[in-house]
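Me: I have a structure open and would like to learn how to read its features. Can we go through them one at a time?

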Amino acid sequence: MSALPPFLAALELDPATDPDERALRRAYARRLKQIDVEAEPARFQALREALDQGLRWVAWRDQQRPVQAPAPEPLPELAPSPAPTLARPTQADTAPAPTARDAPRARPEPDAGTLPPPSAAPAPQPDPDALAAAVFARLQQRIGEGLADAETTRTLLLRFLGDPDLASIDARVAFELAVARLLGGAWRPGHEHLLDPAIEAFGWNSDHARLKHFGQLGAMLTAAIRERGTVQAFGPAQRIALDALLARIRSEAPPDPALLAEDVPQLQRLVERVPNWLRIVSPVAPSTSASSCGASGRPRRRRPRRAWRRASEPPPGAPAA
Amino acid sequence: MIIGIDLGTTNSLVAVWQDGQARLIENSLGEVLTPSCVSLDADGSVLVGRAARERLETHPDRTAAVFKRYMGSDRKIRLGSRSFRPEELSALILKSLKADAEAALGVPVTEAIITVPAYFSDAQRKATRAAGQMAGLRVDRLLNEPTAAALAYGIHQHEEEAKFLVFDLGGGTFDVSILQMYDGVMEVRSSAGDNFLGGQDVSDALVELFFRRVDLPDRLRQDSGFMQRLGAQAEGAKRALGSQPRATMRIHDGKTEHQLELDEQALEDACKPLLLRLRAPVERALRDANLRSSELDTVVLAGGATRMPLVRRLATTMFGRFPAIDLNPDEVVALGVAVQCGLKMRDAALSEVVMTDVAPYSLGIELSMRLDETSWSHGHFDPIIERNTVVPVSRVKTYYPTGPRADHISLQVYQGEARMVRDNIALGSLKVPLPQGNEQERAIDVRFTYDINGLLQVEAKVAKTGQTYGVVIEGNPGVLTEEQIQQHLKSLAELKIHPRDQLENRTLLARAERYYEQLRGDQRDWLGRQIMAFEQLLATQDARRIAPGQRTLRDILDQLDKSTYLDGGSGQ
């Protein structure tokens, strides 16, 4: 921390005091009271930006400080969930959180949302993370069992979202993060059916900012959703060929040498155009796909993705989260 | 003096900041809640408030309610032979509140702060301001309703550090805001909401339930008087279920009487889809504030619909705690807007308090993305101001035309959160001529400025020429021009407003007429005679004779209320 970040000057803070969030806000409050926000919007905006930069910087610094810092994600870690491939079909075994689970509670099957019964006493709240982890483990298990199609997965996901254990907002957020992580992790059979229902159930398309909270993972999913739009715009013939190709890649059978000659270049094009989407719906991981396909390890060409691209803004005084 | 107005879907209130505290002002009937209803009387004069609400059932074709829902749209509402825009009806409410304030304060009032749902769009905000103008009020400032509620709560504890969530479910709109308070700063961290979700929807759901369960013929839906009466029954049952386990909806269709017994479970089943919709805005507000619900210090309930035990229970489960209800949820927004009046007048008692708010939704333009050398993907939404940015704010982004030949760019401005513009709300467009030149020269800087009132300004600057196209968003049929506002102002001024000092008697008569419609046979004739007698008394204009007559008629109506002769009469 050699250079003096400009926001410290704007907030009239002494860098030697090593300010924390509290100090930043206090300094901001002091300055804010000297400004007529209505009459001096520009002054206010400059001050506000100094605070926002300061807050980002403090968050970043605090993340750097302890060496064992958790991954840069604003949301808390989920409780460890059981291994993804639990072959046992007994449902009771997969629910590690016993708190609110009296065994045979009736679960309305196709219903998307269940309100707590009128008598639900709110008093002792079980840990939302544990509740979410338990529901997620059940979802994961069902996916591992091999679900037929997207429709079944959709019904399943909506049913789990209606689970009374996910009534608390914190539990819902933890559950969503778990599903996002599952999609962002290595592909397993069934994941290809999960992406579309997840986009729908969590509103990832109707809310452009929702995935931002998931950091890197969110950025990857955002890119995948955009690429999904590209795939959806394929013509029917292209789509049929794509589905056939994906089916072959997902299949555990050894590849047919005759088809391989055609598949490899086609796959190469997909890796270039829709790498993130491909990574979610198939075992092809873009980072390794080039070598595994036997193609030359040529790095992906960079080209402007946006025609109306955004001009580069001056980088903020501190790294953004 | 600046007055604060909570212009609600169901009820409106007016309040002021006086002697270091918020004070609610009573209307001519001595009540702080003025129903947001307008009716045209037989003589063409305008009735506002309770008198108008009484007439919803007896004169549905001459009476309007819940028009806040149509603010910002081009929809006309017909009263008798004249049609009104939602701004005009709102202006009539505002005029009546202004008159109440002037009567209470003894001074003319020309300026007001009006509250709007946080999630109100640009067009809806402009319509609210226009309504103020038509009512002869200068409205420099609009205040978001949940922020107002938070001000009412926060003003007494602004020294402490706290984070809280306001859950504001009114008659027609739902808002959630999260606030953080520290060192005299009340900072809104995030807002989210649903502009078409409120207590009115619960009543509508009960009406639907009645039609289904009782198996009423669909033609009755065309009978506006019947529908109003059934709506009133639903409203009554909804309220009753707040304090008792059962309630009955009862109505006569001219031939038979129908009734439906309801309990809490039935109410819950009927409005389950509505309750589920409450969740998404809460989740979004928490995420955007980057908070877990356990980090909140308090959950504050505002809006009349949060009285429903059903809603309270849901809030309790969602947040894992009991919400605060220290202040009357019907009044908390009005109390808060009074605090804002004090802030605006720089009242000494509030000199150490500053409040900042956010833009509740993202604002941006339509963008095309290049997929490869030849193909484009169109219709993407590119936010320039991200939602929950602290306001006032001004942001600029640079864009390049898609092709080298186009002689102009048409900027399509949108509001919303979806990735694709087709799922967002179009606010208008702005055509910017482009010079010839290379890509850099043809770039344009698009600046969005969003002020504290939630009004947007868009500006485009061409890189090569430096020419600026500052444009007010146009092309939205729901937004009136200044000229149109002046026209409406004039035509409203020509309307005869029912004299304020006679409103109490007029309200009583309207109520009597409503009961008359519901009664049958001898009772009906008898009440008819009572009404006539009272009208004759009124004609004498002799206050000494009118007063006892008024008391008599009121007693009669109160007695009838407790009888079983009326729709839904409890017989208690």
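Reply: We can begin with a helix, keeping in mind that this is a predicted model. Helix H5 (residues 150-161) of chain A has 12 residues, and its first and last C-alpha atoms are 16 Å apart, close to the 16 Å expected at 1.5 Å a residue.

Me: Which residues of H5(A) are buried?

Reply: Thr153(A), Leu156(A), Leu157(A), Arg159(A), Phe160(A) and Leu161(A) are the buried residues of H5(A). Their cover includes helix H4 (128-144), helix H6 (169-184) and helix H7 (191-202) of chain A.

Me: What caps the N-terminal end of H5(A)?

Reply: Asp149(A) does, with a side-chain oxygen 3.3 Å from the backbone nitrogen of Glu151(A).

Me: How do I tell whether a helix has a buried side?

Reply: An α-helix has 3.6 residues a turn, so residues three or four places apart point the same way. Now take helix H9 (residues 236-250) of chain A: its 15 residues should span 21 Å at 1.5 Å a residue, and its end C-alpha atoms are 21 Å apart, which agrees. In H9(A), Leu242(A), Leu245(A) and Leu246(A) are buried. These three cover an arc of only 100 degrees around the axis, so they sit on the same side of H9(A).

Me: What do the buried residues of H9(A) pack against, and which residues are exposed on the other side?

Reply: The buried residues pack against helix H8 (215-232), helix H10 (257-273) and helix H11 (275-281) of chain A. Pro236(A), Ala237(A) and Ile240(A) are exposed on the other side of H9(A).

Me: How do I read a sheet?

Reply: Follow the order of its strands, then look at the edges. In chain B, 6 strands form an open sheet in the order S17-S12-S13-S14-S18-S21, with mixed pairing. Strand S17 (298-302) and strand S21 (390-391) of chain B are at the edges; each has a single partner strand, so one side of each has no neighbour in the sheet.

Me: In what sense do S12 and S13 of chain B pair?

Reply: Strand S12 (residues 162-169) and strand S13 (residues 174-182) of chain B are antiparallel, paired over 8 bridges. Within this pair, Leu165(B) stands opposite Ile178(B) in S13(B). Helix H4 (residues 145-154) of chain B packs on the sheet, touching S12, S13, S14, S17 and S18 of chain B, and its direction makes about 130 degrees with that of S12(B).

Me: Is Asn27(B), a loop residue, buried or exposed?

Reply: Asn27(B) lies between strand S3 (21-25) and strand S4 (34-35) of chain B. Its relative accessibility is 11%, so Asn27(B) counts as buried, the cut-off being under 20%. The side chain of Asn27(B) makes a polar contact of 3.0 Å with the side chain of Thr34(B).

Notes
Residues numbered from 1 in each chain as written. Chains lettered and ligands numbered in written order. Predicted model: local features only at pLDDT ≥ 70, side-chain atom pairs only at ≥ 80, totals over all residues. Heavy atoms only, no water. Pairing = 2+ DSSP bridges. Helix = DSSP H or I, 4+ residues; strand = E, 2+ residues; numbered from the N terminus. Contact = heavy atoms within 4.5 Å. Axes fitted to C-alpha atoms, helices over the stretch in contact; angles between N-to-C directions. Buried < 20%, exposed > 50% of the residue type's maximum accessible area, 1.4 Å probe, protein only. Polar contact = N/O pair within 3.5 Å; in protein donor to acceptor, adjacent residues only side chain to side chain. Expected span 1.5 Å × (residues − 1). Arc of directions from axis to C-beta.
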